[in-house]
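Could you look over this model with me? My notes are set out below as numbered points.

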Amino acid sequence: MGGQEEACRQLCRLNLDLAADLNLPDWAYIGENATVTEPVYSGIATWEDAQHWVETVVRSAYEAEYERIRPQLIKSSGGGIRLKSLLAVSTVMASVADFKTGRNSRATVELIMKLTGLGERTVQRARKALVLLRVATEVLRGRLRTKIERYASWRVGDKFRGWASVFALHPFRPVDKTRTSASGSIQMAPHPLWGLFKRSSSSLSKLNTRKKAKGPASRSIESDSDRERLEGLRKGRLLAAEWLRSTQTPVWALPLTVKDWASALVEPAAHGWTGNDLNAILTARTFAPKPENPRGFMKWLLKTQDMDFPPHVLDRIAYEQGRAERAQRAAEFEAERARRANAAGPDSPGRRAAMAAVPNFAEARRRREAADRQAAAHARAELCDRQRGITGPEETAK
């Protein structure tokens, strides 16, 4: 094949050494190829296998967390992502990752576009969604190669001008909310009531506890007020879901979930309000608010409205009134036209007198027009005489 150099020029594939790019210490290198384990992948779990990660981890994370990350994804990438497109991109990224760990996934955007048939922006949004869903971590962001790196690449036949982003594919990683920061130091989660501080129940109470009847637990609602409250919350959730799906909904309302908006929209939902009604009262304001407390702002705005007359009901009432007025005017016009058409017959005395007066009227109009023409001619003649300097009858005779 021409020796080792020629073989490498045809078959070698260059990958960026993560430790060298991140300026890590020498103990992070293992072997001749400088493969990095810790600390680049420190704290990142490994997957079970590629199929489990795509079909179970990614799908479950999308169904559980997509509504939460959607506003952030739209703000950063300019749009959302479908589950079908996300699974297609995840399959390609998993196919090039390490088989045992799910790390070192170096699929470029061009490769994913070629294998999935998706657009560039869709692929970029899918990779961003995987990071936001906390099922993938970008351990190294792609960049252009330096001059020295390009020369080294060209010597072995690698014509690429940049390094692809490196991802670690891992199980769903929940957010750690047990630690808080106070005065610059991390406060750990409160200690559980265990050991010397644990309070166990008395053995006597266990022995004397009555046996419960077998069967499923009762889920019956205690009172009518509880039933009405749950029904109101259900209608509030339906109204919130309809409102958040609308493209006219303001951006400041999207970070809150359907559950967050349900309690604030219970009253309008009970009176038959729709998502378009909520957007109508927002657009009717003379300013475009960006409230610090969106739920409090909507509660205040709804208190200023008449709950019994939503905007779509008022629009329908105005439309019905306008249609009734138009119908009334059309009926009055038809009645007036019929009255005038049937006012008198063709041989009535009024019609005969009108027809007899037509010739006399025409003759009078002709005489009036002739007198007007004669007066205009005299006026033009006088104007011409004044311009020539003839002012009186003596001058005219001369």
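The points below cover the basis of the model, its nonpolar cores, a surface patch and one glutamate.

1. This is a predicted model, in which local features need pLDDT of at least 70 and side-chain atom pairs count only at pLDDT 80 or more, while totals for chains, interfaces and linings use all residues. Residues are numbered from 1 along each chain as its sequence is written, and side-chain values use heavy atoms, with hydrogens and water left out.

2. The largest nonpolar core (buried Ala, Val, Leu, Ile, Met, Phe, Trp, Tyr and Cys residues joined through side-chain atoms within 4.5 Å; buried means under 20% relative accessible area, exposed over 50%, partly exposed in between, with a 1.4 Å probe and protein chains only) has 31 residues, and Trp53 and Leu169 are among those with the most contacts inside it. Helix α3 (50–77) and strand β4 (166–169) are among the elements that give two or more residues to this core, and α3 gives the most, with nine residues; helices (H or I, at least four residues) and strands (E, at least two) are DSSP runs numbered from the N terminus.

3. Apart from this core lies another, of 20 residues, including Leu265 and Met307.

4. Val135, also listed among the residues with the most contacts inside the largest core, touches (heavy atoms within 4.5 Å) residues including Trp53, Leu130 and Phe172, not counting residues up to four places away in sequence.

5. Glu65 lies in helix α3 and is buried, with a relative accessible area of 16%. With the same exclusion of residues up to four places away in sequence, Glu65 touches Leu133, Arg134 and Phe172.

6. Leu111, found in helix α5, is partly exposed, with a relative accessible area of 31%.
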